[in-house]
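Let's take a relaxed walk through this structure. Have a look at it first, and then we'll follow one strand and its surroundings.

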Amino acid sequence: VQPNNYSTFYDDQRQNWSIMFESEKAAMDFSKQVCIAKCNSSPVLDSVLYQDLVLGEGQGVEVGDSLEIAYVGWLFQNHGLGQVFDSNVNKDKLLRLKLGSGKVIKGWEEGMMGMKKGGRRYLIIPPAWAYGAQGVAGRVPPDSTLVFEVEVKRVKLVKECSGSDGQSVSSRDSPAPSPVPNSDGFSAD
C-alpha cells in the first residue's frame, strides 16, 4: 500500500508492479482481497496474516505502547468473510490496550506490531492465535479463524531511556508537546 491510492507488489518472477486505484476505498478493497487470497492459498494457516490498508504516520508501535483502536471482527467462513461477531465502530468508546499486556488475543498482539497512528490493517488470525478450541460462547464457534479490520486512532509511545543527566527522556515521542494536555496522556488529535 502506497500513498495516493497506489499498491505495489512483486509477482512470481520477482517483477515489480504498481496499480493506481480511483479511490482509497477501491485500493483498500483490493488489499483485503489479496489478504483473503493469501489465506485461501496457504495449506495451513499457522500464523497471523496481515495486510496494511492505510499506512498511517509517525513511529511504528512496539510492545509497551498504549493504543486506542476502532475495529470490526468477522468469522472467516467458506473461504471469505462470514458474520460480524464484534465491533466498536459505531460506539462511543474506542478499545484501549497496551501492546504486550496479554489482555487481547495473541493474534492482535502480533498483528498490530509496527502499525502507526491513523493506520488501518486487515488481520486474519488462525484459531491457535485467537480463541482456540474453546471459542467464545454464543459468539465465536470453537476453532474459528477470525478476520479483523483495525484502525489505530491514538497512540501513546512509552519507550523511554535515561539521559546523561539522569532525567527520563522519551526517545520516541514527537519533539513538540501536545498543545492540549489530556489527563489520560493521549494527544488531543
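What follows is a short tour of one strand, its partners and the cores around it.

This is a predicted model, where local features need pLDDT of at least 70, side-chain atom pairs count only at pLDDT 80 or more, and totals for chains, interfaces and linings use all residues. Residues are numbered from 1 along each chain as its sequence is written, and side-chain values use heavy atoms, with hydrogens and water left out.

Start with strand β4, residues 66-77 (strands are DSSP runs of E, at least two residues, numbered from the N terminus). Of its 12 residues, 11 are buried, so the rest of the structure largely encloses β4. Buried means under 20% relative accessible area, with a 1.4 Å probe and protein chains only.

Here are the strands that pair with β4 (pairing takes at least two DSSP bridges):

| Partner of β4 | Bridges | Sense | Facing residues |
|---|---|---|---|
| β5 (residues 80-87) | five | antiparallel | Trp74 and Val84 |
| β6 (residues 95-98) | four | antiparallel | Leu67 and Leu97 |
| β8 (residues 146-156) | 10 | antiparallel | Leu67 and Val155 |

With β5, β4 makes a hairpin that has two residues in between, and Asn78 in the turn has a positive phi of about 50°.

Now for the nonpolar cores: sets of buried Ala, Val, Leu, Ile, Met, Phe, Trp, Tyr and Cys residues joined through side-chain atoms within 4.5 Å. The largest has 24 residues, and those touching the most other members include Leu67, Ile69 and Trp108. β4, β7 (120-125) and β8 each give two or more residues to this core, with β8 giving the most, five.

Definitions and conventions. Buried means under 20% relative accessible area, exposed over 50%, partly exposed in between (1.4 Å probe, protein chains only).
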